[in-house]
Amino acid sequence: MNRIICIVLTALLCISCSKDTAEPDPVPTPSESMYFPPLTGTTWETRSIADLKWNQTAVQPLLDYLELKHSKSFIILVNGRIVLENYFNGHSATTNWYWASAGKTLTSTVTGIAQQENLLNINNKVSQYLGTGWTSETLAKENLITCKHLLTMTSGLDDSTDDVDPASLIYKADAGTRWAYHNVYVKLQDVVAQASGQTWENYFNAKLRDKIGMNGTWVQLGVNSVYTSTTRSMARFGLLMLNKGKWENNVILNETYFNEATTTSQNINLGYGYLWWLNGKASYHLPQSQLTFQGSVIPTGPNDMFMALGKNDQKIYVVPSKKMVVIRMGDAADNVNLALSDFDKTLWEKISALYQ
């Protein structure tokens, strides 16, 4: 009997060994580290479509669409590495282009940096930094407007003009009760300048631009303060935000403020943070409208995506779930627009085809 038991046990052991040899436990694939390009020079690691096991046949339709729609440049980063980088219509990697309202997110970020340096508090009233009389509201109504209201587009000021001189900043509603896309956010640049004792551009360059290796300058176009840079500089900023405000191990913007900036900031426009657009929310508002639209801002895009959107389709899309940043610069895809357009929806159908 003992001999039979030994034979059975030996057989079972052999079967077990054979099974282990044929079907080893799967080894988890280590997640790729986030890459950050050097602060100077043109070195930037790449990753191919084949490496990612994406759909190569979806690349050309995407590039054809971008060129058809008057694009100047397009970049996709995954884990910080360049997967696609394309230039169209005479544009190049060294050409500067305007960010338009996508640059609002630069103002949001630098406001957060100034707050973490204890130079300002976004919950303080704007007049604490600019003095009273910066609007033509009554003192009581003006004192309701905080820096946070400028960050969230809820100042209550009349949005029928882009002018930001006191005579043009007229009462429409109490601060915090009405969402309206308004150029008055630019007053945050004056707040930062006053709070830091530096010019806006000098503070911006020292605290953000130079720390992540961007190029670019601020240009005053009428009442608008517009940033211009290369496409790669825009991608550097997108990468910083993908990494929650850190560049390698350096905290440029603290994560608490980053989280506030990229989540719903008020209960009127659920698709808006601190000058960032947010995808995947239940409803949203559009510039120059008080209508509430149901559903996601870009229904074809990932739900966790947050976005810097500028006039004539300047785009930074940040997708944490895909560890991806997408940049588009160029002329208007179709008609002149302030932020969102039908272009976003179709573009994301074509981007998604790369990895679905």
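## Helix H3 to the aromatic cluster: a report on a predicted model

Glu67 is found in helix H3, which covers residues 59-68. The model is predicted. Glu67 has a relative accessibility of 43%, so it counts as partly exposed. Beyond its neighbours within four places in sequence, Glu67 is in contact with Phe88 and Asn89. Glu67 and Phe88 are 21 residues apart along the chain, yet their C-alpha atoms are separated by 6.3 Å.

**The chain as a whole**

The protein chain has twelve helices and 13 strands. Its C-alpha atoms fill a box of roughly 100 × 50 × 40 Å along the principal axes. The chain counts 356 residues, and 52% of them are buried. It exposes about 16,000 Å², with carbon and sulfur atoms supplying 51% of that area.

How many of the contacts between residues at least 6 apart in sequence join residues at least 24 apart? The share is 62%.

Charges come next. The protein chain carries 29 positive and 31 negative charges. The mean positions of these two sets are 4 Å apart. One positive residue also meets a ring: Lys350 lies over the face of Tyr65, at 5.5 Å from the ring centre.

**Aromatic pairs**

The structure holds 22 aromatic pairs. One of them joins Trp99 and Phe237. Their planes meet at 45°, between the 30 and 60 degree cut-offs, so the pair is tilted. Trp99 sits in the loop between strand S3 (97-98) and helix H4 (104-116). Phe237 belongs to helix H10 (residues 231-242). The pair therefore ties together parts that are 138 residues apart in sequence. Both Trp99 and Phe237 are buried.

Tyr284 and Phe293 form another aromatic pair, and this one is stacked. Are its two partners buried or partly exposed? Tyr284 counts as buried because its relative accessibility is 12%, under the 20% cut-off. Phe293 counts as partly exposed, at 28%.

The two pairs compare as follows.

| Pair | Centre to centre | Angle between planes | Class |
|---|---|---|---|
| Trp99 and Phe237 | 6.0 Å | 45° | tilted |
| Tyr284 and Phe293 | 5.6 Å | 20° | stacked |

Ring pairs also build a cluster. Its members are Trp99, Trp200, Phe204, Trp218, Tyr227, Phe237, Phe258, Trp276 and Phe306. The tilted pair of Trp99 and Phe237 thus has both its rings in this cluster.

**Helix H9**

Two cluster members, Trp200 and Phe204, are among the buried residues of helix H9 (residues 200-209). The other buried residues of H9 are Tyr203, Asn205, Leu208 and Arg209. In an α-helix there are 3.6 residues a turn, so residues three or four places apart point the same way.

What do the buried residues of H9 pack against? Their partners include three helices: H4, H8 (187-196) and H10. Strand S4 (217-221) and strand S5 (224-229) are partners too.

Arg209 deserves a separate look. Its place is in helix H9. Arg209 is buried, because its relative accessible area of 17% falls under the 20% cut-off. Which residues is Arg209 in contact with, leaving aside its neighbours within four places in sequence? They are Phe204, Met214, Asn215, Gly216 and Tyr227. Phe204 and Tyr227 also appear in the aromatic cluster.

Terms used
Residues are numbered from 1 along each chain as its sequence is written. This is a predicted model: local features need pLDDT of at least 70, side-chain atom pairs count only at pLDDT 80 or more; totals for chains, interfaces and linings use all residues. Side-chain values use heavy atoms; hydrogens and water are left out. Helices (H or I, at least four residues) and strands (E, at least two) are DSSP runs, numbered from the N terminus. Buried means under 20% relative accessible area, exposed over 50%, partly exposed in between (1.4 Å probe, protein chains only). Contact means heavy atoms within 4.5 Å. Accessible areas come from the Shrake-Rupley method with a 1.4 Å probe; for residues, only the protein chains shown count as cover. Lys and Arg count as positive and Asp and Glu as negative; His and the chain ends are not counted. The place of a charge is taken as NZ of Lys, CZ of Arg, CG of Asp or CD of Glu. Rings of Phe, Tyr and Trp (its six-membered ring) pair if their centres lie within 6.5 Å; planes under 30 degrees apart count as stacked, over 60 as edge-to-face and the rest as tilted. A charge sits over a ring if NZ of Lys or CZ of Arg is within 6 Å of the ring centre and within 35 degrees of the ring normal.
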